[in-house]
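Ready to practise reading a protein model? Keep the viewer open, try each exercise on your own, and then compare your reasoning with the worked solution.

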Amino acid sequence: MSLARRHACIGLLLIVAVWCFIFARSGVSLEGNVTDDTGPVAGARVGWQGECRRVTTDSAGRFFLPASPGGKRLIASKPGYRIAAGSSDSLRLAPLPREDNLDYAWIEPHPDPVQINNCANCHDEIYQQWRGSAHGRSASNPRFLHLFAGTDGKSLPRQTWNARAEHPDGSAVCASCHAPTLASPTLEYDVREAQGVARSGVHCDFCHKVADVPPGKFGTRFGRDAVRLLRPRDGVSLTFGPLDDAVRPGETFAYSPLYKESRYCASCHEGIVFGAHAYGTYSEWLASPARAQGKHCQSCHMAPTGKMNNIAPGKGGIVRDPRTLASHDMPGGRIDLLRESLRMDVGTSTSTKGKQVAVEIVAQRVGHRVPTGFVDRHLLLVVQAWDEQGKAVALVDGPRLPKKAGRWSGIAGALYAKQLFGPAGEGPIPFWLHVAKIEDTRLHAERPDRRVFLFSPSARRVSVQLWYRRFWQEVADPRGWTDYEFLVAERKAAWR
Ligand code: HEC
Ligand code: HEC
Ligand code: HEC
Ligand code: HEC
Ligand code: HEC
């Protein structure tokens, strides 16, 4: 045998030995079966609680699983059933209720030693995240209530930008996304009057009773009307979630992969409201590069903190890989995120006609247009040039900001906004009025936007700023709101 051949032989033997070793260690050591009331269940996921490995039952309901890494519970799940747990090799799946219980009493999120089922009693960390998020304030947010009904302590002379005054029978529509569990026997749906758990807005129990968000009706059905809820009968509890191995005595859970999909969020983040496409984040995501990369809303907005490793410490929760536990922080149009995601480059040059400024803006690592969300959010590019004496220099050629830019109206710059116009071309108007035309100039993800400005030859210095506004200035000013805008990026340059 040649040396080369002998080496090849030894190599092969080694590979076989290693393979045998691995096989022996991970050897099939548990054989079991999964059943329901009617017999064996095929296609159920089986594994050890807290471990990532799962096997699927065969047509006879059987499974083969490597031995437990030590004292763990055996769990099984399948869509349409509650999660089953046990210590023996045979697990029984209980089906989900067939019908939603319309008389169900929603459970409060807040801590309360008397109300033992309140979520925060056991899920403190998640509760703190949620409480600080926009979801935790969606029914009590003073800005929302002000545009909903003109309330936050100040009265305005005119009843404009006031949904209840301008669209009196439209309150139920606002409530369906902002206060989805608000019951209104009089059909008034006045969110200001929300009491008890309804006042907690988009709360834990509502979100975790969502059994499905049926596709096909996005935008035309929204909020409470876009989701299929499955609330249990008295005395039983049932909670939906992304974990296929959650266990708590006295409680049942249902594993739902939907909780990791954008479709889940589409129920409230897509809305053609009173005929106007006011909320379009989900459809923007459908067309985004992020979607093509397999990133859902949760990938960015519920990314794990990397620190939380137990969702119910001391209350029956087990230690889990922190990379598998989502955060309920839900950051949105925050200064840090906007700064991270918006890149602005500025170049200056001199020509025979004057001093030129070229600005390029790119939105990166976003899953939709920028800005997105509430339709009035906008970005303003503001370009100002000065001469040797510090006197403002005229723009010779290039875009200028429109009147709705407020204090920057007429100045060199650009507006990135989804602008709503009324029948006479007036705007900005609120989305609950008759919207005759929409002009959308917002940034597309990963698609650079380039603007060129030409100033007169006397220009020496230039400042380029990018501002973010949550509301139009003409809406914010009369209401005394001052913290509705912030500077995202600023560049300064000079010509010689
Ligand atoms: C807007 C709807 C929404 C609200 C409100 C909400 N959740 Fe969730 N929750 C989700 C989604 C979606 C996931 C799955 C995220 C993922 O896995 O990427 C989740 C995951 C979880 C999990 C699994 C562990 C984890 O962190 O991944 C627990 C436990 C949980 N939520 C509890 C709560 C509690 C308690 C509250 C209230 C304090 C709450 N949720 C509020 C939608 C919501
Ligand atoms: C008495 C303590 C307790 C209370 C109260 C409680 N939970 Fe839990 N919850 C747990 C435990 C324990 C687990 C399982 C933890 C584990 O497996 O690591 C859990 C798991 C969960 C999960 C994960 C389910 C899955 O399959 O992904 C969700 C979601 C959840 N709880 C939501 C809620 C909500 C919403 C409320 C309030 C309506 C609530 N919990 C109230 C103790 C509690
Ligand atoms: C039941 C309706 C509902 C569902 C479901 C829902 N949201 Fe929201 N979301 C809202 C409302 C209403 C607000 C605005 C509250 C406010 O600002 O007063 C909001 C606000 C937000 C914000 C904050 C924006 C900011 O500027 O701070 C983010 C981010 C967000 N949602 C992401 C998500 C994601 C991701 C999901 C899916 C996991 C989701 N939402 C599911 C209704 C919902
Ligand atoms: C690739 C990451 C990524 C994905 C995927 C993503 N987002 Fe965002 N989102 C961001 C970043 C970054 C911001 C902050 C910059 C901005 O405001 O656009 C943001 C902002 C937001 C805002 C706040 C907008 C504002 O100005 O008030 C909302 C609401 C929102 N996202 C909802 C969603 C929803 C719903 C989905 C899924 C349909 C989603 N996002 C998918 C990264 C992402
Ligand atoms: C399709 C669901 C949906 C409906 C219907 C809806 N909203 Fe919203 N609303 C949202 C979401 C989601 C956000 C958060 C987007 C963001 O932060 O950018 C929001 C944000 C807002 C904000 C911004 C709050 C702030 O502090 O920045 C106001 C104001 C508002 N909505 C008013 C209304 C009014 C008034 C109505 C009824 C005429 C209404 N909304 C109907 C989903 C909805």
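The exercises below work through a predicted model, going from metal sites to ligand shells and then to strands.

**Exercise 1. Find the protein donors of the iron atom of ligand 4, and work out which arrangement its donor atoms form.**

Solution.
Step 1: Look for the protein atoms that coordinate the metal. They are NE2 of H301 and NE2 of H368, at 2.0 Å.
Step 2: Check the angles. The 6 donor atoms around this iron atom subtend angles of 86 to 178 degrees, which makes the arrangement octahedral. For six donors, that label requires opposite donors to be over 155 degrees apart and all others between 65 and 115.
Step 3: Place the two histidines in the chain. H301 belongs to helix 10 (residues 297-301), while H368 sits in the loop between strand 16 and strand 17 (378-386). The two are 67 residues apart, so this pair links distant parts of the chain.

**Exercise 2. Decide for each of H301 and H368: buried, partly exposed or exposed?**

Solution.
Step 1: Recall the cut-offs: buried is under 20% relative accessible area, exposed is over 50%, and partly exposed lies in between.
Step 2: H301 has 27% relative accessibility, so H301 counts as partly exposed.
Step 3: H368 has 16% relative accessibility, so H368 counts as buried.

**Exercise 3. Describe the site of the iron atom of ligand 5: which residues donate, and where in the chain do they lie?**

Solution.
Step 1: Name the protein donors. H178 gives NE2 and Y279 gives OH, and they lie 2.0 to 2.1 Å from the iron atom.
Step 2: Read the geometry. There are 6 donor atoms, with angles of 86 to 180 degrees among them, and the site is octahedral.
Step 3: Locate the donors. H178 is in helix 5 (residues 171-178) and Y279 is in strand 14 (residues 276-280), so the pair ties together parts that are 101 residues apart in sequence.
Step 4: Add the surroundings of H178. Its relative accessible area is 22%, so H178 is partly exposed.

**Exercise 4. Map the shell around ligand 2: which residues come nearest, and which element gives the most?**

Solution.
Step 1: Start with the residues. The shell has 28 of them, and C119, C122, H123, L243 and R320 come nearest.
Step 2: Look at oxygen atoms of the ligand. One is 2.7 Å from a backbone N or O atom of L243. A backbone N or O atom of I318 lies 3.1 Å from an oxygen atom of ligand 2. For Q49, a side-chain N or O atom is 3.4 Å from an oxygen atom of the ligand.
Step 3: Sort by element. Helix 6 (204-207) and strand 11 (238-241) are the elements that give two or more residues. Strand 11 gives the most, with 3 residues.

**Exercise 5. Do the same for ligand 3: which residues come nearest, and where does the largest share of the shell come from?**

Solution.
Step 1: The shell has 22 residues, of which H135, N141, C265, C268 and H269 come nearest.
Step 2: Now the polar atoms. A side-chain N or O atom of H135 is 2.8 Å from a nitrogen atom of ligand 3. The side chain of N141 has an N or O atom 2.9 Å from an oxygen atom of the ligand. For G333, a backbone N or O atom lies 3.2 Å from a ligand oxygen atom.
Step 3: Helix 5, helix 7 (262-269) and helix 10 each supply at least two residues. Helix 7 provides the largest share, 5 residues.

**Exercise 6. Find the partners of strand 16 (residues 354-363), and explain why this strand is largely enclosed.**

Solution.
Step 1: Strand 15 (residues 342-351) pairs with strand 16 in the antiparallel sense over 10 bridges. These two strands form a hairpin with 2 residues between them, and L342 stands opposite A363.
Step 2: Strand 21 (residues 449-455) also pairs with strand 16, again antiparallel, over 7 bridges. Here K355 stands opposite F455.
Step 3: Count burial. In strand 16, 8 of the 10 residues are buried, so the strand is largely enclosed by the rest of the structure.

**Exercise 7. Give the strand order of the open sheet formed by 5 strands, and find the strands at its edges.**

Solution.
Step 1: The order is 20-19-17-22-23, with antiparallel pairing.
Step 2: Strand 20 (437-440) and strand 23 (485-494) each have a single partner strand, so one side of each is left without a neighbour in the sheet.
Step 3: Neighbouring strands of this sheet are turned by 20 degrees against each other on average, direction ignored.
Step 4: Take one pair as an example. Strand 22 (residues 461-469) and strand 23 pair over 9 bridges, and the bridge partner of L466 is A489 in strand 23.

Conventions
Residues numbered from 1 in each chain as written. Chains lettered and ligands numbered in written order. Predicted model: local features only at pLDDT ≥ 70, side-chain atom pairs only at ≥ 80, totals over all residues. Heavy atoms only, no water. Buried < 20%, exposed > 50% of the residue type's maximum accessible area, 1.4 Å probe, protein only. Helix = DSSP H or I, 4+ residues; strand = E, 2+ residues; numbered from the N terminus. Pairing = 2+ DSSP bridges. Axes fitted to C-alpha atoms, helices over the stretch in contact; angles between N-to-C directions. Donors = N, O, S within 2.8 Å, 3.2 Å for Na, K, Ca; no water. Tetrahedral: all angles 85-135°; square planar, octahedral: opposite > 155°, others 65-115°. Near = heavy atom within 4 Å. Polar contact = N/O pair within 3.5 Å; in protein donor to acceptor, adjacent residues only side chain to side chain.
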